[in-house]
Structure formats: structure tokens, C-alpha cells
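Q: Can you walk me through this one? I'd like to start with a single residue and work outward.

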Amino acid sequence: MNILFTQVDIVKIHHKMRSISLFSVIIIAFGLAFSKHISLFMYPLGAILFYVYLPILYATSRINVLHHKKEQEVLHIKFYAMELGVWLACTCFLAFVLSHLFSDLVSHELKHLYHFTYFLIFIGLAGAILCELDANKLHLLSKKVDYRLQGRFLSFEVFFIIFLFFSMNH
């Protein structure tokens, strides 16, 4: 058995090792670039889901009470617990992602936004209460539209509360 390598064998091994390491560096760089592009799409997609889909999910939770016999009632507001739980979990996740991004983008203005966020929380609560009054007594809009607006107000409430957490601890 010949254990000694010739100069040509060493050069071939060196070229193979160099090409394997170059190939692995290219694959790793491509993977990192791809993951970075995915994260760039994640924020606008999360914002679209937050603004469009979550109010529909909330409205479905409120409207489907008519079709389910096991509805729950809190403060004379009927809802279907499973769908409302899915709405709350999705809202918390997307609000966490978006508020983290937003607090990073406006990190130099967080103290000004911190106080303004309290005002937005108050406006959101007033809007949600007005939507509930309209759905039950005023009937200015259809219940479906009222519940979607209320879902949007309450989704933004969760967003503002999580944003306050980030702005206080950033």
C-alpha cells in the first residue's frame, strides 16, 4: 500500500477541498440572502394579514354565534370562543412582529410615540364601544360591517399595547 502522495495527488485534493468549501460558502450565502428576502416579505404580508384578515376573523366569531349552540357571553356580548381564541392568538403574533419592526424603525422617536400611543388606545376603545352600540341599538351599519370595524379597532388595541411594551423597554 502506497501511503505517500505525489505532488499531483496533493494538488487534486487541494482543488477538491477548495471547490467544496467554495460551493458550501455559495450555498450558505444564497441561503442567508433567501432568508433575508423572506423576512422582507414577512412584514408587508403580516401587515396585510393584520389589517384585512383579522377583522374578518373577529367578525366571523361574532356572527357565527347564530350557527353555534355553545356561544359564550361576557358583558352581554355573545361570541364563539374557539374562533375568538384563534383571532386573539393571530392578533398577538402579528402585533408582536409588526410592533417589533415599528419600534426598530422609529427608535429615535419612541418617547414621543409612547405618549401618543395612549391617545390611540383611548380612540380605539371608543371606536370599539361605538361599533358595539351600533350593532346592538343604533343599526347605522350592518352587523357584519360593525363587527369588522370592531375587530379592526380591537386588533389595533392589541398592537398598541404590545408597541407600548416595546417602546418602554427599547
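Q: Is L141 buried or exposed, or in between?
A: L141 is partly exposed, with a relative accessible area of 41%. Partly exposed lies between buried (under 20% relative accessible area) and exposed (over 50%), using a 1.4 Å probe and protein chains only. This is a predicted model: local features need pLDDT of at least 70, side-chain atom pairs count only at pLDDT 80 or more, and totals for chains, interfaces and linings use all residues. Residues are numbered from 1 along each chain as its sequence is written, and side-chain values use heavy atoms, without hydrogens and water.

Q: Where is L141 placed?
A: In the loop between α3 and α4. Helices are DSSP runs of H or I, at least four residues, numbered from the N terminus.

Q: And what takes a positive phi just after α3?
A: H139, at about 55 degrees.

Q: Switching topic: which residues make up the largest nonpolar core's best-connected members?
A: F50, L54, W87, A95, F159 and I162 touch the most other members, out of 16 residues. Such a core is a set of buried Ala, Val, Leu, Ile, Met, Phe, Trp, Tyr and Cys residues joined through side-chain atoms within 4.5 Å.

Q: Which elements give two or more residues to this core?
A: α1 (7-63), α2 (81-105) and α4 (143-169). α4 gives the most, with 6 residues.

Q: What does L54 touch?
A: L49, W87, C90, T91, L94 and S155, leaving out residues up to four places away in sequence. Contact means heavy atoms within 4.5 Å.

Q: Back to α3: which residues are buried there?
A: Among them are L110, T117, I121, G124 and C131.
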